[in-house]
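Open the model in your viewer and keep the selection tool at hand. The stops below go from the ligand site to the nonpolar cores.

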Amino acid sequence: MWNKRIGIDLGTATTLIYVHGKGIVLNEPSVVAITKGTNKVLAIGREAREMIGKTPEYIVAHRPLKDGVIDDYDITRKMLTYFIQRVCGKGIIKPDIVICIPSGGTEVEKRAVLDAAYHAGARKAYLIEEPMAAALGAGLDISEPSGSLVIDIGGGTTDIAVLSLGGVVVSQTVRVGGDKMDDHLVRHLRKKFNLMIGERTAEVLKIEIGAAMLPDEEVTARVKGRDLVSGLPKAISITSTEIYKCLSEPLSAIVDAARIVLEHTPPELAADIGEKGICLTGGGALLRGLDEMITKALGTPAYVAEEPVSCVALGAGKVLDNLKSLRDGFLYTKGRNG
Ligand code: ADP
Ligand code: MG
């Protein structure tokens with residue numbers, strides 16, 4: 001009988017877990033609420049995220065992964081353990097786990113993720129580079145000798161990678177993603193309207209009326225926050241054009257990085273990419289007009305993958321379903337006994 005096999009997308013914003021034979025069974029924010037000083041965990045996941053910006057001072061809602069790497073090892077481990085136990089139960093059968101890491105992670109970072117998986121109860125843990133998982137999850141055939149370009153726009157980072165023959169040929173990770181876009185909105189509202197808003201409010205604003213292209217039809221949203229001068233609650237109206245302008249700076253950072261990756265791509269593979277197009281994954285790919293903007297900026301057609309948020313977890317799932325490939329050096333592996 002097969003051991004329980006699960007695939008984990010440990011993202012800066014969201015953690016997803018795929019269970020072999022079942023599909024994606026868990027999709028939770030990568031957030032942990034802890035008490036200051038004692039570091040006691042109060043809530044994990046959705047419940048913890050609801051606390052962001054709303055907690056009394058002694059409780060902090062913490063995102064243990066920053067910029068695509070583990071920022072707080074202890075809390076990451078607790079979060080991972082909690083999610084794995086929720087999916088697998090506390091039984092004696094330990095799962096085999098495929099877990100995604102950003103490409104270009106250091107050996108120390110890889111070891112930290114593997115250790116976290118073992119501490120969380122893995123029998124065996126394997127790492128797969130995130131762009132590879134994203135491409136597999138998006139349905140690209142990366143085993144062929146043909147180039148594919150994937151841009152995965154997450155919360156903390158954007159991973160850009162050219163893949164061919166089951167490996168990463170050129171890649172770059174930039175510390176610009178959805179969070180940076182939210183930051184820009186927060187700063188703009190503070191500067192222009194003297195209005196303080198929280199990061200959750202900024203994110204909702206971005207999702208509701210944000211766009212990467214100048215919107216055809218102007219939409220207006222009400223934003224509530226606190227007036228910096230009077231200290232009292234205040235609401236203002238903001239247009240989609242204004243938000244579009246706010247987002248242009250973080251978006252150009254992503255485009256610039258993609259351009260550099262393309263410039264370093266061998267010509268044959270670049271030609272394949274020109275033909276197949278650029279595949280966009282991650283939550284950030286859902287920003288309105290992003291595909292169109294990237295298409296224009298890079299002169300190569302870009303399209304959003306079918307389920308952009310789930311691609312990485314689905315890709316990890318595909319690897320699990322063909323566990324043989326794990327033994328082909330496709331992934332880094334470390335068994336319990338070496
Ligand atoms: P990670 O892999 O880092 O966990 P995700 O791939 O889950 O990140 O993407 C999270 C980011 O996607 C967040 O910054 C979130 O605000 C953004 N996002 C999610 N949905 C949308 C949307 N509809 N429009 C724009 N951004 C979105
Ligand atoms: Mg991700």
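The tour follows a predicted model.

**Ligand site**

Select ligand 1 and the residues around it. There are 17 of these, and T12, A13, T14, E203 and K206 come nearest. By class, the shell holds 9 polar, 5 nonpolar and 3 charged residues.

Next, show the backbone atoms of A13. One of its backbone N or O atoms is 2.8 Å from an oxygen atom of ligand 1. Move to G155, where a polar backbone atom lies 2.9 Å from a ligand oxygen. At G284 the corresponding distance, again from a polar backbone atom to an oxygen of ligand 1, is 3.2 Å. Now switch on the ligand surface: ligand 1 taken alone exposes 590 Å², of which the protein buries 88%.

Colour the helices α5 (178-193) and α6 (199-209), the elements that each give two or more residues to the shell around ligand 1. Helix α6 contributes the most, with 3 residues.

**Nonpolar cores**

Leave the ligand and select I278, L290 and I294. Within the largest nonpolar core, which has 45 residues, these three touch the most other members. Helix α7 (residues 240-263) supplies the largest share of this core, 10 residues.

Centre on I294. Which residues does I294 touch, leaving out those up to four places away in sequence? They are V255, I278, L280, G299, T300 and A302.

For the last stop, select V32, I34, V87 and C88. They are among the 29 residues of another core, which lies apart from the largest one.

Technical notes
Residues numbered from 1 in each chain as written. Chains lettered and ligands numbered in written order. Predicted model: local features only at pLDDT ≥ 70, side-chain atom pairs only at ≥ 80, totals over all residues. Heavy atoms only, no water. Near = heavy atom within 4 Å. Polar contact = N/O pair within 3.5 Å; in protein donor to acceptor, adjacent residues only side chain to side chain. Areas by Shrake-Rupley, 256 points an atom, 1.4 Å probe, with all protein chains shown as cover. Helix = DSSP H or I, 4+ residues; strand = E, 2+ residues; numbered from the N terminus. Nonpolar A, V, L, I, M, F, W, Y, C, P; charged D, E, K, R; others polar. Core = buried A, V, L, I, M, F, W, Y, C linked by side-chain atoms within 4.5 Å. Buried < 20%, exposed > 50% of the residue type's maximum accessible area, 1.4 Å probe, protein only. Contact = heavy atoms within 4.5 Å.
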